[in-house]
Amino acid sequence: MSTIHPRETLDRQINQLFDEVLVMGSMVEEAVIESVESLKRRDIEAARKIYYGDQQINEKRYEIENKCLTTIATQQPMATDLRIMAAILEIITELERIGDYAKGIARINMLMSDEPLVKPLIDIPRMAELGLDMLKRALDAFVNQDAEAARLIPQEDDIVDGLYNQVYLELLTYMMADPGTIDRSNYLIWVAHNLERMSDRVTNICERIVFVATGEILELDISDDEMSDKFHEKITE
Amino acid sequence: MNEQNMISNLRQSNGKYAIESRHLNVFYGSFKAIEDVNLLIERQKITAIIGPSGCGKSTMLRSFNRMNELVPTAYAEGEVIFQGVNIYEEDIDPVEVRRRIGMVFQKPNPFPKSIYENVAWGARMNGYKGNMDELVEQSLKNAALWEEVYDKLDQSGLSLSGGQQQRLCIARAIAVRPDIILMDEPASALDPIATLKIEELMRDLSEKYTIIVVTHNMQQAARVSDFTAFFSMTPDRTGVLVEYGATNQIFTNPRDQRTEDYITGRFG
């Protein structure tokens, strides 16, 4: 009864789309790493490259979007296949935004011009490293359709949020102690904020992976609002 | 009983459902074509029946107006409840059932008569005593064909294009004021534009009628229907109802793996 139906074209296109998403993921990953590394080195030239290189990430996103639309139009995917298409369209938007955060960090580096860093970067590279590790595993979970892994990854967002709060409080003390550091401290707060947002985007990606598996949109973040409420309580104590 | 009373009785007897099968089995001789189908069809909605070839879709459709009986060895077990009664009861006249539950077939099959007569014939056979011109005009309007044929009503129905002929058959079906219209692959012989016209027409008709449609075209089922029933086969080729639900759920998130495999083209 169950004869195998030819759906090679659809399978091939879906696999190609997975590959493309992974390629875009590595482009974004490289941009984030380089943005933080060049900030550490205060390398304006490298920052400029990242800033203008973001265009390639945007183009990649539109390229994948077009391929997705073509697959939808020509193959009429249904059920899981259709949810994969919807998830890809969402995930590439999240990746593009993460690319924008790298671009934002590069821009801060450019804005800082020849001013030295207000403090050596320790927690900020750690935030980038954690966020990117989450991202890499999330994209692996996506192509492997591993909803279980996707459910667990967002829990690590707490650690990134914790680091962000730590960076924020530390820089606040710098600013209070010496108002002359306000500009330079603020720059780093923006950098940390961009990285904190990055791991939020990874959580969104994980939600889409669960959606592909179950057909239901599940909020996986452990309420950012709650986190920031606690944070504000803490800093206003 | 006048028509208004009939309709009000219908609403009371079956609630929001127009027709319902209960533990329905249909046989062709010793071959069981469908087994134990329980299906509730909502009133004034479009329900699509999909599934692989030979899964009993058309048998299921034809069991709703006893059309299977035209096959000599066919018989049904179980019940089909319409207006609170089982249409398979001995004292039920199948001709009356088919008047209330009309059918449109895969290939347009107008009579070799004028366009006017194609529409008027069924109503006349049923003893319609009202204004026939009005009935013909209204039926053709409801079938979205009037504008194309009003000035050539005396021409043969066979002179029309395939899509127009199919709409003529729909006009013929609604001229006898049915409650339910069964459609067996109504657009499979038509080009894409004529197909879309039939689909739009089905949407319009569902405001007044309950429509059950069998289609091989899953995109058509997805486009046009409110509910979808997926049939499959047991290893001995008996058709079974696998999953039934809102069309958007069936096509985006089917609950049964067999439905998923079929609509994603993995088997069928």
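Start by selecting helix α4 of chain A, residues 123–143 (helices here are DSSP runs of H or I, at least four residues, numbered from the N terminus). At 1.5 Å a residue its 21 residues should span 30 Å, and its end C-alpha atoms are indeed 30 Å apart, so the two agree; the expected span is 1.5 Å times one less than the number of residues. Keep in mind that this is a predicted model, where local features need pLDDT of at least 70, side-chain atom pairs count only at pLDDT 80 or more, and totals for chains, interfaces and linings use all residues. Residues are numbered from 1 along each chain as its sequence is written, while chains are lettered from A and ligands numbered from 1 in the order in which they are written.

Now colour the buried residues of α4(A), among them Ile124(A), Met127(A), Leu135(A) and Phe142(A). Buried means 20 or more other C-beta atoms within 10 Å of the residue's own, with C-beta atoms placed from the backbone. Show α1, α3, α5 (147–152), α6 (157–177) and α7 (182–214) of chain A, since these are what they pack against. Just after α4(A), click Gln145(A): its phi is positive, near 55°.

Next, select α1(A) (residues 8–41) and α3(A) (residues 79–112), whose axes come within 9 Å and cross at roughly 15°. Axes are lines fitted to C-alpha atoms over the stretch in contact, with angles from 0 to 180 degrees between N-to-C directions. The two helices are therefore roughly parallel, a label for angles under 35 degrees.

Last stop: chain B. The contact takes 15 residues from chain A and 15 from chain B, contact meaning C-beta atoms, placed from the backbone, within 7 Å. On the chain A side, α3(A) gives the largest share, five residues.

Technical notes. Angles under 35 degrees count as roughly parallel, over 145 as roughly antiparallel, 65 to 115 as roughly perpendicular and the rest as oblique. Two residues are in contact if their C-beta atoms, placed from the backbone, lie within 7 Å. A residue is buried if 20 or more other C-beta atoms lie within 10 Å of its own, exposed if 12 or fewer, and partly exposed in between; C-beta atoms are placed from the backbone.
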